Amino acid sequence: MAGYETKIRLHIKPHIGGVKLCEVTDDTLDDLYRLLETAPCSTNKGKPLGAKSVRHVHNILSGALGAAVPKLIPANPAATAHPPTARQIRAQEQKYPTLDDGQTARFLGTVWEPCGNRACDGGLTHHCLRDAPLWTVYAATGVRRSEALGMKWSLVNWDEGSIELGWVVVEEGNAYRLRKLTKDGDDNAVIYVDQSVINVLKWQKQRQDEERKRLGPAWTDHDLVFARDGFKLYRGEAGGPQDPEKVSARWRTLRTRLHLPEDFRIHDWRHSKVTNDLEAGENPVEVSANVRHHSPGYTMARYGHSRKDGARRLAASGAGRLGLSSLV
């Protein structure tokens, strides 16, 4: 429901919110979809909504209208409407930049270098390494921005090397809040990490404990791994969730300083992680499960080139067995 709220408020209610339920037809919905595909949208930098977003609007409406059948309306008008097709969605899909394993290793080596200033203590309390554990978790696990910001200490299994993803920090209008993760159903999603990532989290815990001790009553604990610290704390509370947009702003600053591709987003660490795992020949089932995709086929088709390269090897092998090269 929280995920649907924004699209309902911005793209459905303003256009057909006043139409009586019994008067909504497939033509009504088609007109809405074409409007969303062509009209400038203030929340999309003045551009119309993409085909994938319009399809999401259709899915929301289809579910809502379907729930009204047959008590309130005889049939679901969304069933005969014409939202963007899968082909139209694929045609608009961006090719996101990725970093290979070597580039990622160099990036992590850089962000873990203490500044060396006189006040620097190796980053334990100095602000120069405050984001290094966060960037490491993004690069090493492929979690979404919201999932990392919602990680809780009580959901880290230190001995097993696993992390339950039970909470997310999401933007809502001009504000943000911590809420339960509902994307993966009722049970918490679980990811497994290497001991080196666990060591990074232990370092983050040590740093956070020092921060909590320094701030005293100014710290309100929310059990968050990447809680808001006391650096330049003008308003709000330390110990609570971080503003996702400010995290992205710090990322853009770092991205520029390190001369990374200017369109490389935090989410592209996810693309990089999955792509590199597939390119390295890792088990697609495990790769898919660790990023909570619905199927390995989706993971392989959406990320990396392993499926394409594998298909080419298969074709070459088959042609060789059949002796096709000797025919012409």
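In this predicted model, D229 sits in the loop that links α8 (195-215) and α9 (244-257). Is this loop residue buried or exposed? With a relative accessibility of 13%, D229 counts as buried, because the cut-off for burial is under 20%. Leaving aside residues up to four places away in sequence, D229 touches R130, R207, E211, W219 and A238. The side chain of D229 also has a partner within its own loop region: one of its polar atoms lies 3.2 Å from the backbone nitrogen of F231.

Helix α5 offers a helpful view of how a helix can present two faces. Its residues run from 101 to 111, and the buried ones are T104, F107 and V111. These three lie on the same side of α5, because they cover an arc of only 60° around the axis. The general pattern behind this is that an α-helix has 3.6 residues a turn, so residues three or four places apart point the same way. On the face turned away from the buried side, α5 carries the exposed residues D101 and R106. The cover over the buried residues of α5 includes α6 (132-141), α9 and α10 (268-279). At the start of α5, the backbone nitrogen of G102 is within 3.1 Å of a side-chain oxygen of D100.

Turning to the strands, β3 (residues 167-172) and β4 (residues 175-180) run antiparallel and are joined by six bridges. In one of these pairings, E171 has Y176 in β4 as its bridge partner. The hairpin has two residues between the strands, and G173 adopts a positive phi near 65° there.

Notes. Residues are numbered from 1 along each chain as its sequence is written. This is a predicted model: local features need pLDDT of at least 70, side-chain atom pairs count only at pLDDT 80 or more; totals for chains, interfaces and linings use all residues. Side-chain values use heavy atoms; hydrogens and water are left out. Helices (H or I, at least four residues) and strands (E, at least two) are DSSP runs, numbered from the N terminus. Buried means under 20% relative accessible area, exposed over 50%, partly exposed in between (1.4 Å probe, protein chains only). A polar contact is a pair of N or O atoms within 3.5 Å; within protein, one must be able to donate a hydrogen and the other to accept it, and residues adjacent in sequence count only if both atoms are side-chain atoms. Contact means heavy atoms within 4.5 Å. The arc is that of the directions from the helix axis to the C-beta atoms. Two strands pair if DSSP finds at least two bridges between them.
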